[in-house]
Amino acid sequence: MIPSYDDLTPGIPDVIDSEAVDQLALFLHQDLRKRSRDQETSGKKENKTTSDRVDARWYACLRTANGERQPLLGVARDFSPRVMVVSECEVLLDVSGLGALIGEPPVIAKELRRALKDAGAQGSVAIAATQTTARLLATQFPDFQISRLPDLPVLLLRPLETLPPAMNHRDRAKPYETFERWGIATLGDLAALPAAELSSRLGRRGVALQRLARGLDPKPFIPDGETPRFIGRLELEWPLEALEPLSFVFARLLEPLSVALERADRGAAALRLDLRLTDRSTHTRMLQLPAPMRDPRVLRTLLLLDLESHPPCASVDIVTMELDPAPARITQFSLLQRALPSPETLSTLIARLSALVGETRVGSPVLLDTYQPGAFELTRYAPEKGPASARASTCASYADASPKPRRGEGGTEGAEDVDAGASVLRRQRIPPAIRVRVEHGRPVHVAAAKRGMPHGAVIQAAGPWRTSGGWWNGDTCRAEGNADPCRAKGNGDACREGGNADPCRAKGNGDACREGGNADARWAAWNRDEWDVALTSGVVCRIFQDRTTERWFLEGTYD
């Protein structure tokens, strides 16, 4: 089989993307210790993000000790169409497109181990940014840390070398004998040697061994010819600029690909679109689908909606698309519950909403692990449960994540719990500003600027309950209750002279200055005193004072 140019270019060792370089730098002996300590320190402060780059590459290595390779091939082809057999006991597969479908690399490795166990195969699984690193990690136990990779012996590089078959045993072992005399016993020691001096003493083979010790690949990843690939390519007679004529081109390419997927009993888990433009550049888009699907009309709609949000900068000359196959889903509906909408319908709806309001404004709210009131973030919307179970699990998660009862007076105890017979606090999504008169450190009167809001004299008050956090981030633009510097002068302040060009709204309607109302709330700082007050009108509400700006806000009212 003669590999195509598309197979050769992604893995050329001399052309490596910046993210792969960051991964490979871990194997430099002198720099590794400092990087690992910095990562351990910063890892406690930073939260994990879920954004995948189009050019990111991850390779998984399946290794067996008994020499039975067929079970490994079966599992590998169920996860990825790009599979390569590298030895009698090792199989490599490209898992770059499984990020949105399964999760982060540790989750993908866990699913691969589970699939091997279900298939009755005994083997190890490792995922890394390069083929060499994945093969080295696969020789160790499952919980082996990548930071300990430089401590592995140099002899592990022997099966990774590409040597002429006619080379005798003595010549094969000669570099390793030299390393032993030099005292080079680990991969970190070899990676730290000067490349020029190593080349003058051991020649090209010494440099090649050092590249392996640093995790660099000696050759590109070339999938086996037995693995089917679903690729469509069309060269246009004249350049196209509008999306409407491109939709006919997409339909012409997707219909035969969908038929091929149906014959193979597969669905598309990801769709890669490459548009060759008239300025000789390539506009690339990668769509991660929530579930395997093969409806050409749905796939075409998703592509068009994505291009509306990310249009190419020039006319299109050549259209190329590739579908990453996955096992087709089997749907078993329940007779007692209402069926959820199909993944095709949900994907189209989410794509339309994302094109209308922005990708960062569509998703499922998830409570953050913080004491900040109302803090949440938006995650990818991917329902996996029925309506009843999903509703029950959502209520349970909100009940578990809500603050425990801390009120000690009257009917306010357990105000935030949702148990039967308990009071329920109806929070204001954006706490409005109010005026409060304070005597002897306690609120005695509440006044509101808008009609319908609670107001009047305070007949009973409980508090204050002081909470604070996020001060270590040094962020002064996210005070409580939207009392940021850009809102100190009302709606006609200088920060809004250009319409919506508010520097605190650079990320859309998720106002960076809005307490708890966006995906950036995890970094927000707050410092406030909370009060539960009963007014003469019979309303019981919660108010708080932002201790940074000394302004009062209405948190919510109790039922």
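# A guided tour, starting at R272

Select R272 to begin: its relative accessible area is 25%, so this arginine counts as partly exposed. Its partner is D274, and the two form a salt bridge with the closest N and O atoms 3.5 Å apart. Keep in mind on this tour that you are looking at a predicted model.

**The whole chain**

Zoom out for a moment. The protein chain carries 13 helices and 17 strands. It has 559 residues, of which 40% count as buried. If you like contact maps, take the contacts with a separation of 6 or more: 65% of them join residues 24 or more positions apart. Switch on the surface and you have about 31,400 Å² of accessible area, with 52% of it belonging to carbon and sulfur atoms.

**More salt bridges**

The count of salt bridges comes to 21. For another one, select R297 and D295, where the closest N and O atoms are 3.8 Å apart. How exposed is each partner? R297 is exposed, at 59% relative accessible area, while D295 is partly exposed, at 26%.

Now move to helix α5, residues 105–118, and pick R114 and D118. These two sit 4 residues apart, about one turn of the helix. Their side chains meet in a salt bridge, with 3.0 Å from N to O. R114 has 43% relative accessibility, so this end of the bridge is partly exposed. D118 reaches 56%, which means that it falls in the exposed class, over 50%.

**A network and a ring**

Next, select R427, R528, E530, D532, R542 and E555 together: salt bridges link these residues in a network. Stay on R528 and add F544 to the selection. The charged end of R528 sits over the ring of F544, 4.1 Å from the ring centre. R528 is therefore worth a label in your view, because an arginine CZ within 6 Å of the ring centre and within 35 degrees of the ring normal counts as sitting over the ring.

**Aromatic pairs**

Time to show the aromatic side chains. Across the whole structure there are 5 aromatic pairs. What is the angle between the ring planes of Y59 and F221? The planes lie at 40° and the centres 5.3 Å apart, so this pair is tilted. Follow the backbone from one ring to the other and you will see that the pair links distant parts of the chain, 162 residues apart. Y59 belongs to strand β1 (residues 59–63), whereas F221 is in the loop between α9 (195–213) and β5 (230–240). Are these two rings buried or exposed? Y59 is buried at 4% relative accessibility, and F221 is buried too, at 1%.

For a group of rings, select Y176, F179 and W182. Ring pairs link these three residues into a cluster.

**Last stop: a nonpolar patch**

Finish with the surface on and select L349, L353, L356 and V357. Together they make a nonpolar surface patch of about 360 Å². To place it on the fold, centre on L349, which is in helix α12 (residues 343–357). L349 has a relative accessible area of 46%, so it counts as partly exposed.

Methods. Residues numbered from 1 in each chain as written. Predicted model: local features only at pLDDT ≥ 70, side-chain atom pairs only at ≥ 80, totals over all residues. Heavy atoms only, no water. Salt bridge = Lys/Arg side-chain N within 4 Å of Asp/Glu carboxyl O. Buried < 20%, exposed > 50% of the residue type's maximum accessible area, 1.4 Å probe, protein only. Phe/Tyr/Trp six-rings, centres within 6.5 Å; stacked < 30°, edge-to-face > 60°. Patch = residues over 30% accessible without salt bridge, like charges linked within 9 Å, V, L, I, M, F, W, Y side chains within 5 Å. Areas by Shrake-Rupley, 256 points an atom, 1.4 Å probe, with all protein chains shown as cover. Contact = heavy atoms within 4.5 Å.
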